[in-house]
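Colleague: I would like to go through this model with you and ask how each label is justified. Please show it first.

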Amino acid sequence: MNYYKHPQSLVESDKIGKDTRVWAFAHILPDAVIGEDCNICDSVFIENDVVVGDRVTIKCGVQLWDGLRVEDDVFIGPNVTFSNDDFVRSKKHPEKYLQTLIKRGASIGSNATILPGIVIGKNAMIGAGAVVTRSVPANAVVVGNPGYISGYVSAKKRSKQSFRMEIAEQQMIESDVVGVKIHNLPCIVDMRGSLSFAEYGEYIPFLPKRYFLVFDVASKEIRGEHAHRTLHQFLVCVKGSCMVAVDDGKNSQEIVLDRSNIGVYIPPMIWSIQYKYSSDAILLVLASDIYDADDYIRSYDEFLEVIK
């Protein structure tokens, strides 16, 4: 036996990886698969149709039910609750349990509840006590009940005050994400009201062939969550506010759009998400081409592979 098994644990599976440690009162059923160098803490129960990757930590009081898939380097905190049936009845079992996937590097805080059939994205962070009712994008930070995205892991942030001072001085800021630019657009104010504009060539580096508006988005919802192979975009929140997260695979940054004269240019091959919409937000998006479904990259893992 090339792993450690506490004398007071019950390990029925023979598919336990090298250097894994199974502590007291843990119970692992016969068909479960556990990777190498995992830490299975006290009072953990693991059912048959469960696959756990390498270097996974499962803290005390967690139950992994049939259908759960846990990739490498995941942390599952104390008393995290999973489920695998979305319409539970006593002694009535579905033909097949819903599969829940926790992707590589994700962390789930203590006492969080994860509903069945969803995906927790790569490197996502689930806060303590969060109730996660839908799939979570890669790198997202989710808190609350019901869970909502409060930010993104490792995304650089600027305070509103420092951002406004910087853009007022420079008129255009190069983002930390390659190719993304933030523009302070002209704003003309007089007694009749205010006017802001942008011209092709000076602020918008492409000739738009399409525009669309995003509005009436509930604050807990996200939009975007994709990259484009060839499409250029220019974003202006013409009313209200929203957040834009951009990612080039190495660097990521969050940008707040809360004025109608702030524009963000997003070139091709940048992963982008819009979220934290105010109730009155209207986001205007100018696009360099007509709609083409094949231009979208909708999986973050695929995006990382393509940019290599």
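Colleague: What makes strand 28 and strand 31 a pair, and in which sense do they run?

Modeller: Keep in mind that this is a predicted model. Two strands pair if at least two bridges are found between them. Strand 28 (residues 233-239) and strand 31 have four bridges, so they meet the rule for a pair. The sense of this pairing is antiparallel. One of the contacts is Phe-234, whose bridge partner in strand 31 is Tyr-265.

Colleague: Which strand pairs with strand 31 over four bridges besides that one?

Modeller: Strand 23 (residues 181-184) does, again in the antiparallel sense. Here Ile-182 has Val-264 of strand 31 as its bridge partner.

Colleague: Why is strand 31 called mostly covered?

Modeller: Buried means under 20% relative accessible area. In strand 31 (residues 262-266), five of the five residues are buried. Ile-262, Val-264 and Ile-266 point one way, while Gly-263 and Tyr-265 point the other way. Both sets are buried, as all of these residues are. For the protein as a whole, 46% of the 308 residues count as buried.

Colleague: What makes strand 1 and strand 21 edge strands?

Modeller: They belong to an open sheet of nine strands with the order 1-3-6-9-12-15-18-20-21 and mixed pairing. Strand 1 (4-5) and strand 21 (148-152) each pair on one side only. For strand 21, a partner is strand 20 (residues 140-143), joined to it by four bridges and running antiparallel. Val-141, for example, has Gly-151 in strand 21 as its bridge partner.

Colleague: How do you know that Arg-21 and Asp-37 form a salt bridge?

Modeller: The cut-off is a side-chain nitrogen within 4 Å of a carboxyl oxygen. For Arg-21 and Asp-37 the N to O distance is 3.3 Å, so the pair qualifies. Arg-21 lies in strand 3 (residues 21-22) and Asp-37 in the loop between strand 5 (33-34) and strand 6 (39-40), so the salt bridge ties together parts that are 16 residues apart in sequence. The whole structure has 13 salt bridges.

Colleague: Why is Arg-21 called partly exposed?

Modeller: The label covers values between the buried limit of 20% and the exposed limit of 50%. Arg-21 has a relative accessible area of 28%, so partly exposed is the right term. Asp-37 has 36% and gets that label too.

Colleague: What makes the link between Arg-134 and Glu-221 one between distant parts of the chain?

Modeller: The closest N and O atoms of this salt bridge are 2.8 Å apart. Arg-134 is in the loop between strand 19 (131-132) and strand 20, and Glu-221 is in the loop between strand 26 (210-215) and strand 27 (223-228), 87 residues apart. With relative accessible areas of 38% for Arg-134 and 26% for Glu-221, each counts as partly exposed.

Colleague: Why can Leu-195 be part of a nonpolar surface patch?

Modeller: Patch residues need over 30% relative accessible area. Leu-195, in strand 25 (residues 193-196), has 47%, so it passes that cut-off. Ile-188, Leu-195 and Phe-197 form the patch, with about 260 Å² of accessible area together.

Colleague: How many cavities of 30 Å³ or more are there?

Modeller: The count comes to three. The largest has a volume of about 90 Å³. Strand 29 (242-247) and strand 32 (271-275) each give two or more residues to the lining of the largest cavity.

Technical notes
Residues numbered from 1 in each chain as written. Predicted model: local features only at pLDDT ≥ 70, side-chain atom pairs only at ≥ 80, totals over all residues. Heavy atoms only, no water. Patch = residues over 30% accessible without salt bridge, like charges linked within 9 Å, V, L, I, M, F, W, Y side chains within 5 Å. Areas by Shrake-Rupley, 256 points an atom, 1.4 Å probe, with all protein chains shown as cover. Buried < 20%, exposed > 50% of the residue type's maximum accessible area, 1.4 Å probe, protein only. 1 Å grid on protein atoms, 1.4 Å probe; cavity = no way out; pocket = protein on both sides within 12 Å on 5 of 7 lines; lining within 4 Å. Points joined across faces, edges and corners; volume = space filled by probe spheres on them.
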